[in-house]
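I set out to keep a short record of what I looked up in this entry. The notes follow the order in which I consulted the coordinates.

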Amino acid sequence: MAVAGSLRDLGHGRTITYSRKVFIPLTMLCRDHCHYCTFAKPPAKLEKPFLTPDDVVAIAEAGRRQGCKEALFTLGDRPEDRYPVAREWLAERGYHSTLDYVRAMSIKVIEETGLLPHLNPGVMSWEDMARLKHVSVSMGLMLETSSERLSQKGGPHFGSPDKVPAVRLRTIEDAGRLSIPFTTGILVGIGETLRERAESLFAIRDVDRTYRHVQEVIVQNFRAKPGTAMHDAPEPGEEEFLATVATARVVFGPKMNVQAPPNLSDPHYPRLIDAGINDWGGVSPVTIDHVNPEAPWPKLRDLERRTADKGYELRERLAIYPGYALKPDPWIAGKMQEPVRRLAGPDGLADPTRSRPQATRWQDPEVVWKPRTIALNFAKGSGAGLREDAEDVYGSFDHIAVTREWIGRPRGSPARLDADVKRALSRAAHGQAISDEEALALFQADGDALEALCRVADDLRREAVGDEVTYVVNRNINFTNVCYTGCRFCAFAQREVDAESYTLSLEEVADRAQEASDYGATEVCIQGGLHPSLPGDFYFQVLDAIKARVPEIHIHAFSPMEVLNGSTRLGISFREFLQECRARGLGTIPGTAAEILDDDVRWVLTKGKLPADSWEDIVKTAHSLGIRSSSTIMYGHVDAPPHWVAHIRRLARIQDETGGFTEFVPLPFVWQNSPIYLAGKARPGPTLDDNRRMHSVARILLDGRIPNVQVSWVKMGMDYCKLILQGGANDFGGTLMEETISRMAGAEWGIRKEPEEFAQVILDIGRVPAERTTTYGRVGRPRQPAAR
């Protein structure tokens, strides 16, 4: 305890914090059955399944009048999965799920009282938390224990699917990927061994060291409760519990916020200060602790007095700790930043001069965002895209088992490999499907075998689409480079305060679309960073602005990541978001943000991008609405051929289900300025032979499914593209007119091409140039002279 206390003083001085809160038990129904819990109740023991909106606001308003600043939403896990009454109650009021209702009530509390929501709705998916981040300042989920043993028959978590440690750790980790300030901790004395208790602390520490998002660690002691299966289980002794608290401080170090509930150690709770805590957690002058109703919170005056008796000053904090409140990006969603600023003092704790929160205007877009433009300065190698926080932890090849195994695999004999390649090519040439093992053999083809692979792929190309090589006259419009997603391969993203950051106004977006149309373009491709202050309906405004100016142009816009961003900010489904986009003129969407559709690779490449399953869900939803898309792969970084085969197979399966992909676009990793390469954690992109193999093998694996395979002249240059076009590819992509993302990463092949340049290169290889539309129709009109 002496060591722990010294560490706490080193990190936090003589200050102990607490949050003045109200406890909102939105529902006590729960699909789990924990053997020590009295919070969860069956429907027969409840007056109603959920608190009504009026109930919620009444609790929050009572807290506001008492100076509370946090609204703690605690509830059972997904009760609609277990209880029909919960499903019916939600459906009658227009909510698809409990989490939808949580989101709605969070907004209501912010709008009507100004309290800051802290959400504890149980286990959540990445997508769930992405939606809820926009209506809260922090979230939480107690790990409780990392012991799988306690979920087995006879254990306290048996029959509770949401208590499986791997499931809970995934939620905690996904919160880190989304940059959500997060509360977690352990429950002491539920049958775990000392080793299991220690392993639980280290499991939390490991996740936090990767994402630095755990804002506090709670060490909570088990209390036996009458009427539960563990009513007679022994509680941890005082010294055992103090030792655990002190150990947590030693494990997590001086800076972590370590909390222990005072009401569960009364009357001896001041000794927790000796054990190294720096926070008492939430204390309410209004509501009881609904999880531990037998243990009332101490009076705030008593808490202040007894803290002072130990030589410490008691300070009120917000639901979000100062380290995150003072550095809102990327931790606080754009709409939540102003409510936090209103309540935070200069040190990030609660402002003592503002005793009561005020209602917040939530839906006024003018409060959220005003467009601005900053002069562009794309000096090579400049900008925050090349910088990473010193504490960030990159992934490496060692984090990805498949890559590690592929690199370290024993090499087969050249004769065996040659035989495998010949067999695979023979099957492909005769229109027969090849196996994954045969595809992997083709990805190793070299020398004569590589040339044979390219010939077979080119024959398949000729059978599928003939000798035309197509291109589209288009323009890229990247409306902002402000982004906090955390893609470690990206040199395009900037922080809002960086000198090189920019955001185009709607008029400027429309101006560029008009220029493209005047030039003769049939398409504009619209993408941008995920600016934290742009409202969710900004995407709709972009479509409106372009269609008002150039109604005939095709809009190819918004990657699956942007669809998720817009829908989560607006609190609507992917389908509803895409339906609205289509109604406003969206034609197709780019299938970017795919990178590698394997989450082990994705979490190394990017901290906050959507999971592979969400990417697939959005793309399939778009296809079901008649919105077609391209498909892509980005390769040559921390991946390996087994990932490539699985990725292409997944695209083929989606195409079999929807038929919505227009083309497949392999995108070689541009490494020169990429942060993950500069950190020494990625290889310097694919080789030329890798690029040839990728396009050729893709043609074979996608034969009969996706007819068009595109080359990226921006990433590979025209000469390399000429060679690859003779190995299965048939499309040159677009003229672009401007290109920023690849150029900032280090690509050196220019930002625009004239159609005449495409035509000459295509004629050089004996093929037929053809201008196309976005969806591969042919453009028959003569081109007008270019408006330079």
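In what order do the six strands of the open sheet lie, and is their pairing parallel or antiparallel? I read the order as 11-12-13-14-15-16, and the pairing is parallel. I note at the outset that this is a predicted model.

**Sheet.** I looked up the edges next. They are strand 11 (474-478) and strand 16 (661-668), each of which pairs on one side only. I then took the mean angle between neighbouring strands of this sheet: they are turned by 25° against each other on average, with direction ignored. Within the sheet I examined strand 13 (residues 554-557), which runs parallel to strand 14 and is joined to strand 14 by two bridges. For the register I recorded that Ile555 stands opposite Leu586 in strand 14.

**Helix pair.** I turned to helix 21 (residues 560-570) and helix 22 (residues 574-583). Their axes come within 9 Å and cross at roughly 105°. Since angles of 65 to 115 degrees count as roughly perpendicular, I entered helix 21 as roughly perpendicular to helix 22. On the side of helix 21, the contact is made by Glu562, Val563, Leu564, Gly566, Ser567 and Leu570. Helix 22 contributes Phe574, Phe577 and Leu578. I sorted the residues of this contact between helix 21 and helix 22 by type and obtained six nonpolar, two polar and one charged.

**Cores.** Which members of the largest nonpolar core touch the most other members? I listed Phe73, Trp280, Ile526, Phe558, Trp615 and Phe732, in a core of 194 residues. Apart from this core lies another, of 16 residues, including Ile110, Leu318, Ile320 and Leu343. I followed Phe732 further, leaving aside its neighbours within four places in sequence. Phe732 is in contact with Val469, Thr470, Tyr471, Gln710, Val711, Trp713, Met718, Cys721, Leu725, Phe758, Val761 and Ile762.

**Loop between strand 7 and helix 9.** Two prolines drew my attention here. I placed Pro262 in the loop between strand 7 and helix 9, and its relative accessible area of 1% makes Pro262 buried. Not counting residues up to four places away in sequence, Pro262 touches Tyr269, Trp280, Pro298 and Leu303. Trp280 had already appeared in my list for the largest nonpolar core. I also took one C-alpha to C-alpha distance: Pro262 and Val421 are 68 Å apart in space and 159 residues apart in sequence. Pro267 lies in the loop between strand 7 (258-259) and helix 9 (271-274). A cis peptide bond joins Asp266 to Pro267, with omega about 10°.

**A further cis bond.** I found a cis peptide bond between Asp329 and Pro330 as well, and omega is about 10° there. I located Pro330 in helix 12 (residues 328-331).

**Positive phi.** Which value does phi take at Ser179, a residue other than glycine? I read a positive phi near 55°. Ser179 sits in the loop between helix 6 (165-177) and strand 5 (182-188). Buried or exposed? At 2% relative accessibility, Ser179 counts as buried, because the cut-off for buried is under 20%. Ala593, also not a glycine, has a positive phi of about 65°. I found Ala593 in the loop between strand 14 (586-589) and helix 23 (599-605). With a relative accessible area of 7%, Ala593 is buried.

How values were computed:
Residues numbered from 1 in each chain as written. Predicted model: local features only at pLDDT ≥ 70, side-chain atom pairs only at ≥ 80, totals over all residues. Heavy atoms only, no water. Core = buried A, V, L, I, M, F, W, Y, C linked by side-chain atoms within 4.5 Å. Buried < 20%, exposed > 50% of the residue type's maximum accessible area, 1.4 Å probe, protein only. Contact = heavy atoms within 4.5 Å. Helix = DSSP H or I, 4+ residues; strand = E, 2+ residues; numbered from the N terminus. Pairing = 2+ DSSP bridges. Axes fitted to C-alpha atoms, helices over the stretch in contact; angles between N-to-C directions. Parallel < 35°, antiparallel > 145°, perpendicular 65-115°, else oblique. Nonpolar A, V, L, I, M, F, W, Y, C, P; charged D, E, K, R; others polar.
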